[in-house]
Amino acid sequence: MTDTHCPYCALQCAMTLTGPDDAAREVGAPVTVAGRQFPTNRGGLCQKGWTSAQVLRTPDRITAPLVRGDDGELHTTTWDHALDVVEDGIRRAWSRGGRDKVGVFGGGGLTNEKAYALGKFARVALGTPFIDYNGRFCMASAAAGANRAFGVDRGLPFPLADVGGAQAVLVLGSNLAETMPPSTAHLAGARASGGLVVVDPRHSASAALTDDGHGVHVQPVPGTDLVVLLALLHVVWAEGLADEEYLAARATGADQVRRSVAAWWPERAEQVCGVPAAQLRQVARLLADAAPHRGGGGAYVLTGRGVEQSTQGTATVTAAINLSLALGLPGREGSGYGAITGQGNGQGGREHGQKSDQLPGYRKIDDPAAREHVAAVWGVDPASLPGPGVPAVELLRRCGTAEGPQVLLVHGCNLVVSAPDADRVRDRLAALDLLVVCDFVPSETTRLADVVLPVTQWAEENGTMTSLEGRVIRRRPALAPPPGVRTELEVLHDLAVRLGVEHGFPTDASVVFDELARASAGGVADYSGLSHRRLDEAEAAGEGLHWPCPATPDAPHPGTPRLFLDRFPTPDGRARMVAVDHLGPSDDLRPDAPVYLITGRVLQHYQSGAQTRRVPALAAAQPEPFVEIHPLLADRIGVQDGEMVQVTSTRGTATAVAHVTAAVRPEAVFMPFHWAGEGSANRVTTDAVDPISGMPEFKVCAVQVRAVPTQAPAPAQTTEVMA
Ligand SMILES: Nc1nc2c(c(=O)[nH]1)N[C@H]1C(S)=C(S)[C@@H](COP(=O)(O)OP(=O)(O)OC[C@H]3O[C@@H](n4cnc5c(=O)[nH]c(N)nc54)[C@H](O)[C@@H]3O)O[C@H]1N2
Ligand SMILES: Nc1nc2c(c(=O)[nH]1)N[C@H]1C(S)=C(S)[C@@H](COP(=O)(O)OP(=O)(O)OC[C@H]3O[C@@H](n4cnc5c(=O)[nH]c(N)nc54)[C@H](O)[C@@H]3O)O[C@H]1N2
Ligand code: SF4
Ligand SMILES: [Mo]
């Protein structure tokens, strides 16, 4: 029996893996999954978690390296040959154009150790500024907003279980009932007081939790959440509901924000966001009544990808934070603001240096003191470390061009399905001299690669993950990997040695963690008081430890479950409020594109679907891409439930089956993005980005929706009918 955590989302539900008589360590033996008590999941798992072990045994698992041959096909080969091809490609790119000709693309699913090693590999072994990762698609706007306001970005600066005690919870653009099902247990308190507010243009499974008197579903026009928030702030001040004492003591900028929302009275906001003015007032009062300064039972404001994956994502997060500050929530026990992190290690993955502008410990790569500290840990000259690179979308746009890499190494992302404007991404990847992808299953991106390197899966490796609450937890091996498969730490070590860096890339995850801990010491995300051993002990006690957890000379630091109780980690200790205004989506409605496409997820599939499409029960429950379409729109374009529709933008077209439902607003259609091919939502989305965070506008773009013309009846049939 091995205690570990789910391979998928940031809730990181605790589970126990068992094989018959521990024979699970033998290749091929079945593995069973059981939920385990932990403060976040309380023993619960969702359907993806229950079935997660099946991916370990998937028949098409990649178990040997693949190299593309002269015939254009991928062929099985030896590790030596595959690594030769990668080394040659890197050296050729260097000799033609220098160190910047090789880039790295990481992922928020990688363990802390892998994310750290990847960032170090890019800076030390490759000497390239070009590294970024899929967290840019996921948490970048939340991170930018929180860093600016609070001076730190820890998704939830409090344990998730704290939310359970609150009287009101405002959930903006998160469908956690499908994306983190066990987490909805923590909404029970708010639901019991009728205080759950869900903002989503769809009556999602989470919006449905507000039905029957449990709260309010606010259903704005897509892309107008910022207006909803500005109106809520307006009401809070207009009705004297703000916590002025808290604002005076703990925040700066409140006056500018108050003035900036003066013009957003609810009736005006209603014209833009479509939410009735009376409902905006009701929600503002409901939240204020729960706020501590009015003697309420506590309130939380939470944001998800629905409001963040936008060209005004950082502004919207900022407005959500402003609202929480106006109500005096952050840094008070039982209240607060948080962003719900998505990927398994979406939090840790954004702390240890795979971001283009970052060094470990959430340090800035252009800060001389940070460079000096990290260079000393790495045993290199600070001047040898490259400067900042470019965010993910820009990195992809530059691939195969004079301004960008000719070689790209991808670790933990299925770009061809999940990046915006996916056809263009496919073209850019095809323009590279060499695409190297590490994965354990064939994906749409490994199929494009020149070299595929097979790596271990979650239940075959050691490491740590940092959950949505900033809690550092252990991932442990329950079985041996198939022969022929290596860990990513081994791959990076072998490549570094070939590229002339003999030392500095250990393959033991606990050794890598100890170095990560030293590199993070004194940084924002300080892990220096942690080690695998200490985390094992903490988990045996049922908890794990929250960062910051600095090394201490005497008694070990207990970790920091709740941030901001005394001060914010800004220079003056106060939170910074910043006035923001609504600009609207980058690709807005017009006569030839009169409908919004909004995108998101379903319960059964994870991200690009590379893992979950291989699990028979999940594939059977959600076998194909679909388009949710309102009956009024369906009527207008002449399409019935179950018929095929085309969704077209200036980037491309997706074709999928129509699900006619009143759950979505009439001027919007919804598509999940889990599939490739004809029904791929990202062939349609825009790669326009938020100017501050670099996050693409996945959630909203303007499209034309048409019924797919039915094929002309075959001649034989026509004759028959006529006869
Ligand atoms: N089942 C499942 N769970 C997952 C994942 C998965 O792929 N599948 N992925 C994990 C990851 S990496 C992430 S980031 C999280 C994401 O978790 P969520 O943020 O909960 O997921 P989404 O479904 O992408 O988006 C949430 C909601 O945003 C709504 N939305 C779309 N446009 C708008 C808008 O303009 N305004 C508002 N207010 N809402 C809008 C959609 O209708 C959708 O219901 O989930 C994690 N958990
Ligand atoms: N339209 C639209 N597009 C979106 C979104 C949306 O809401 N709408 N959401 C965006 C978000 S929030 C995210 S996070 C991205 C996610 O999109 P992706 O980054 O494509 O996510 P995954 O499908 O998890 O891809 C991970 C790949 O890495 C492999 N993998 C898993 N673990 C490891 C590992 O440890 N090492 C290696 N080498 N490989 C591993 C998996 O098998 C899989 O092939 O999609 C984004 N795209
Ligand atoms: S909610 Fe997330 S972590 Fe929990 S079982 Fe489901 S996918 Fe795994
Ligand atoms: Mo994500």
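**Reading domains, cores and helices in a predicted model**

The domain assignment divides the protein chain of this predicted model into domain 1 (2-57), domain 2 (66-137 + 345-546), domain 3 (140-339) and domain 4 (595-707).

User: How far apart are the C-alpha centres of domain 2 and domain 4, and how many residues does each give to the contact?

Analyst: The size of an interface is often given as the accessible area lost when the parts come together. Here the description rests on a distance and on residue counts: the C-alpha centres of domain 2 and domain 4 are 30 Å apart, and the contact involves 20 residues from domain 2 and 21 residues from domain 4.

User: Which residues touch the most other members of the largest nonpolar core?

Analyst: In soluble globular proteins, nonpolar side chains tend to be buried together. The largest nonpolar core holds 169 residues, and those touching the most other members are Phe 121, Phe 150, Val 169 and Trp 237. Helix 7 (residues 225-238) gives the most to this core, contributing eleven residues. Leaving aside residues up to four places away in sequence, Trp 237 touches a set that includes Ala 242, Leu 247, Val 261 and Met 577, together with Glu 244 and Arg 258. Apart from this core there is another, of 25 residues, including Phe 137 and Leu 396.

User: Which residues of helix 20 are buried, and which exposed residues does the opposite face carry?

Analyst: An α-helix has 3.6 residues a turn, so residues three or four places apart point the same way. In helix 20 (residues 532-540), the buried residues are His 532, Arg 534, Leu 535, Ala 538 and Glu 539. Because they cover an arc of only 160° around the axis, they lie on the same side of helix 20. The face turned away from that buried side carries the exposed residues Arg 533 and Ala 540. Among the elements against which the buried residues of helix 20 pack are strand 1 (2-5), helix 3 (112-126) and helix 19 (509-520).

User: Why is helix 4 described as largely enclosed by the rest of the structure?

Analyst: Nine of the eleven residues of helix 4 (residues 140-150) are buried, and it is therefore largely enclosed by the rest of the structure. The buried residues of helix 4 pack against helix 12 (305-308), helix 13 (313-326), strand 13 (336-339) and strand 22 (575-576). Just after helix 4, Gly 151 has a positive phi of about 80°.

User: Which residues are closest to ligand 3, and how does its shell divide by residue character?

Analyst: Of the 13 residues that surround ligand 3, the closest are Cys 6, Cys 9, Cys 13, Cys 46 and Pro 182. The shell divides into ten nonpolar, two polar and one charged, and both domain 1 (2-57) and domain 3 (140-339) supply at least three residues each.

Notes: Residues are numbered from 1 along each chain as its sequence is written. Chains are lettered from A and ligands numbered from 1 in the order in which they are written. This is a predicted model: local features need pLDDT of at least 70, side-chain atom pairs count only at pLDDT 80 or more; totals for chains, interfaces and linings use all residues. Side-chain values use heavy atoms; hydrogens and water are left out. A nonpolar core is a set of buried Ala, Val, Leu, Ile, Met, Phe, Trp, Tyr and Cys residues joined through side-chain atoms within 4.5 Å. Buried means under 20% relative accessible area, exposed over 50%, partly exposed in between (1.4 Å probe, protein chains only). Helices (H or I, at least four residues) and strands (E, at least two) are DSSP runs, numbered from the N terminus. Contact means heavy atoms within 4.5 Å. The arc is that of the directions from the helix axis to the C-beta atoms. A residue is near a molecule or strand if one of its heavy atoms lies within 4 Å of it. Ala, Val, Leu, Ile, Met, Phe, Trp, Tyr, Cys and Pro count as nonpolar, Asp, Glu, Lys and Arg as charged, and the others, Gly among them, as polar. Domain bounds come from an automatic or database domain assignment.
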